[in-house]
Amino acid sequence: MRLVNWLRFLVALWLGKLAGFASRTLGRGGSSLPGKLCLLVDSGSLKRLSGQLKHGSVLVTGTNGKTTTSRVMEDIFRAAGRYVIHNRSGANLLGGVTSTFVDAASLFGRVEADIGLLETDEASIPRVAQEVNPAALVVTNFFRDQLDRFGELAHTVELVRSGLPSVRPGGILVLNADDPLAVSLGRAIPPHINVVYFGLDPNVCSSNEELSPSDAFVCPSCGGGLEYTHRFYSHLGIYRCLSCGFSRPQPDFRLTAMESEGMSGSTLEVVGPEVHPFTLRTALPGLYNAYNVLAGVAAAWSLGVCEEEIRYGVQNSVPSFGRMERVSVGDKWLNIALVKNPTGFNAVLETVASGDGSEGLMLCINDNYADGTDVSWLWDVNFEILAAVRGAKPIVTSGIRAADMAVRLKYAGVDPSRIKVEPDLEKALDMALSWVETGGGLVALPTYTAMLQLREVLRRRGLVRHFRED
Amino acid sequence: MRLQLTLEICHLYPDLMNLYGDRGNVIALWRRCIWRGIEARVTGVSLSSSSDLSQFDILFLGGGQDREQKAICYDFARVKAPQIRKAVEDGTPFLAICGGYQLLGEYYQTGSGEKLPGLGIMDLYTVAGRKRLIGNVVAQSDLAGSGPARLVGFENHSGKTYLGRGVKPLARVLSGYGNNGEDGLEGAVYKNAVGTYLHGALLPKNPWLADWLISQALKRKYGRAEIAPLDDTLELMAQESAARRAAKR
């Protein structure tokens with residue numbers, strides 16, 4: 001009987017490897033098929049593969065920052081000399097996670113790596129956690145995506161919660177202390193898990209923007225009203241419920257200072273338990289990336305990585321494609337940041353607007369299924385900031401809904417003569433680059449499918465590799 | 001000396017009823033006044049506010065989630081409804097979207113047959129449907145009285161709304177579901193009050209409707225409805241791209 005199971009596992013693995021080989025040969029990026037096939041033949045294959053990792057797996061989940069946080073952690077673990085496997089391609093459902101292991105395993109199903117770093121979609125947490133029994137689960141934040149209703153966000157939190165019993169004994173749960181919804185996961189946890197919180201000190205930054213109704217927050221514990229004494233951005237801040245006493249926990253890892261260098265990154269000061277303040281230099285720009293770095297640092301430290309290795313790893317971490325990655329285009333550069341919801345869009349716009357305004361700007365809005373078919377969320381983004389801060393450089397709008405984006409800019413107070421509409425992404429890119437001075441840069445903010453198209457244009461021009469190889 | 005025209009715009013429950021970028025409608029009304037030299041002020045009126053609604057020239061109410069719609073229910077029905085009813089009867093332009101539109105009707109019938117009373121300002125009722133009606137919509141409206149005008153937007157609702165004799169439809173659906181997916185009608189008009197399921201935001205992409213609301217307000221306040229034309233090149237491009245997407249569904 002054992003032999004039959006073993007043979008079934010091998011057949012599953014080989015089938016997956018074959019599918020992986022075929023899709024690579026065909027130049028397809030799709031990377032969940034091998035895992036799906038493998039699981040179809042042997043539903044226990046992910047357990048068998050991931051069970052061999054010396055230090056187990058780390059799952060990274062949350063609405064925004066999954067990809068960047070797991071990249072930062074990968075760089076830290078590499079600096080610490082650990083052999084890491086990581087679903088870098090961003091395929092983060094059960095099939096994609098399994099593909100990563102299928103790819104890393106030997107022909108006889110051996111996995112040599114020390115640690116598995118798995119960016120995991122929130123809805124896939126219950127299944128993935130059940131299979132891999134993670135050593136750590138990192139939750140970046142919970143924001144409402146464009147079309148989600150509150151009920152769905154609460155549901156998302158519950159999905160993640162149902163993965164907690166699968167965390168291995170002695171494992172850790174790393175949570176954003178500034179996000180009440182993430183913190184609600186740390187209440188009433190199974191006794192075998194330790195919670196580690198990370199958060200910002202109030203002097204790092206503060207936001208006066210009005211709480212948008214999408215985030216107008218009620219206490220996740222009792223449904224009463226939350227009172228904020230300080231806000232960092234959106235609903236992240238220092239809060240307390242007036243009815244039940246639910247409040248922001250004291251973070252174990254604190255960002256005590258941040259010096260932003262605009263689009264080129266920041267210098268961060270971090271304090272942890274039994275750790276003196278130490279400074280980190282990161283090429284990842286913006287406040288939202290400071291959160292991502294902090295999450296990665298808190299998780300890596302809690303898993304036994306030392307300060308030197310963390311500093312070295314963070315220093316070497318560069319933005320990944322579509323996450324403020326910098327690409328050279330001739331004698332100019334291009335920064336690309338994926339936009340998928342008002343909170344993320346606002347955070348990126350703030351970083352762009354904090355620069356000297358010398359960069360060009362291109363906004364690429366598609367309304368395919370993966371982008372969200374309803375573009376009305378653009379009206380919840382504060383483009384008014386662009387009218388106030390940026391100089392006279394044209395702003396190019398592109399993608400299927402380029403005209404909707406242009407109208408939004410016009411009504412945000414941007415002079416219509418500065419708005420250039422070019423639905424074709426490649427033409428828009430060339431047009432936008434033509435207005436950038438030598439040595440200068442262009443910031444492109446695409447929705448998901450626009451980002452893939454943009455990447456394809458750059459790949460054809462030999463500027464980036466296909467994402468399977470990167 | 002020329003008379004300085006001023007319009008007071010009221011955004012009802014801006015903190016609670018603002019789903020799907022509804023505030024874009026208020027931005028559109030405000031900008032299109034400013035661009036014409038009409039002074040415009042936007043005032044948010046929410047739960048705790050005791051503002052006198054008769055001082056406003058245009059009223060706007062967006063859509064909300066169930067939880068938020070419940071939160072405003074008491075305040076809306078007891079405090080603001082009588083004032084809104086009076087304003088509408090008095091010819092004040094009023095735009096209500098999605099959940100706000102449903103609230104203006106006689107009742108909302110839930111899946112279990114229970115009838116939740118509405119404000120009864122418009123002769124219409126809504127029945128909970130099983131399927132969510134989602135997607136781009138193209139419709140045709142005669143509201144402005146200068147021939148059929150195109151109306152585009154995005155709908156996302158499960159309630160199905162049926163019109164009574166006391167209201168006229170806002171438009172006829174060319175592509176999409178509209179009020180209920182059955183009778184081909186979209187929205188409702190009573191005096192100068194307009195209810196519709198279309199967001200997107202609606203007014204920036206349908207500048208003619210924004211201008212209709214503005215000119216009705218001017219006519220009521222100053223007795224003159226003419227307004228200067230604006231360059232709507234970008235707006236009409238956006239309308240065209242929405243219509244193209246609707247045709248594909």
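**A hairpin, a sheet and an interface in a predicted model**

In the hairpin formed by E10(A) and E11(A), with two residues between the strands, Glu274(A) has a positive phi near 55°. This is a predicted model, in which local features need pLDDT of at least 70 and side-chain atom pairs count only at pLDDT 80 or more, while totals for chains, interfaces and linings use all residues. Residues are numbered from 1 along each chain as its sequence is written, chains are lettered from A in the order in which they are written, and side-chain values use heavy atoms, without hydrogens and water.

User: What makes E10(A) and E11(A) a pair of strands?

Analyst: Strands are DSSP runs of type E with at least two residues, and helices are runs of H or I with at least four, numbered from the N terminus. Two strands pair if DSSP finds at least two bridges between them. E10(A) and E11(A) are joined by six bridges and run antiparallel, so the criterion of at least two is met. Within E11(A), Val275(A) is the bridge partner of Gly272(A).

User: How do you know that E6(A) pairs with E9(A), and in which direction do they run?

Analyst: Three bridges join strand E6 (residues 194–200) of chain A to strand E9 (residues 253–260) of chain A, and the two run parallel. Gly199(A) stands opposite Arg254(A) in E9(A).

User: Why is the sheet of chain A called open?

Analyst: Nine strands of chain A follow the order E2-E3-E1-E4-E5-E6-E9-E10-E11, with mixed pairing. Strand E2 (84–86) and strand E11 (275–282) of chain A are at the edges with a single partner strand each, so one side of each lacks a neighbour in the sheet. From one strand to the next, the twist averages 20°.

User: What makes Glu235(B) and Lys410(A) a salt bridge?

Analyst: The term requires a side-chain nitrogen of Lys or Arg within 4 Å of a carboxyl oxygen of Asp or Glu. For the side chains of Glu235(B) and Lys410(A), the N to O distance is 2.8 Å, so the pair qualifies. The count between chain B and chain A is three salt bridges.

User: How many residues of each chain are in contact, and what area is buried?

Analyst: With contact taken as heavy atoms within 4.5 Å, 34 residues of chain B meet 31 residues of chain A. Buried area is the accessible area (1.4 Å probe) that two parts lose on being put together, summed over both. Between chain B and chain A this area is about 2800 Å², with 51% given by carbon and sulfur atoms.

Terms used: Axes are lines fitted to C-alpha atoms, for helices over the stretch in contact, and angles run from 0 to 180 degrees between N-to-C directions.
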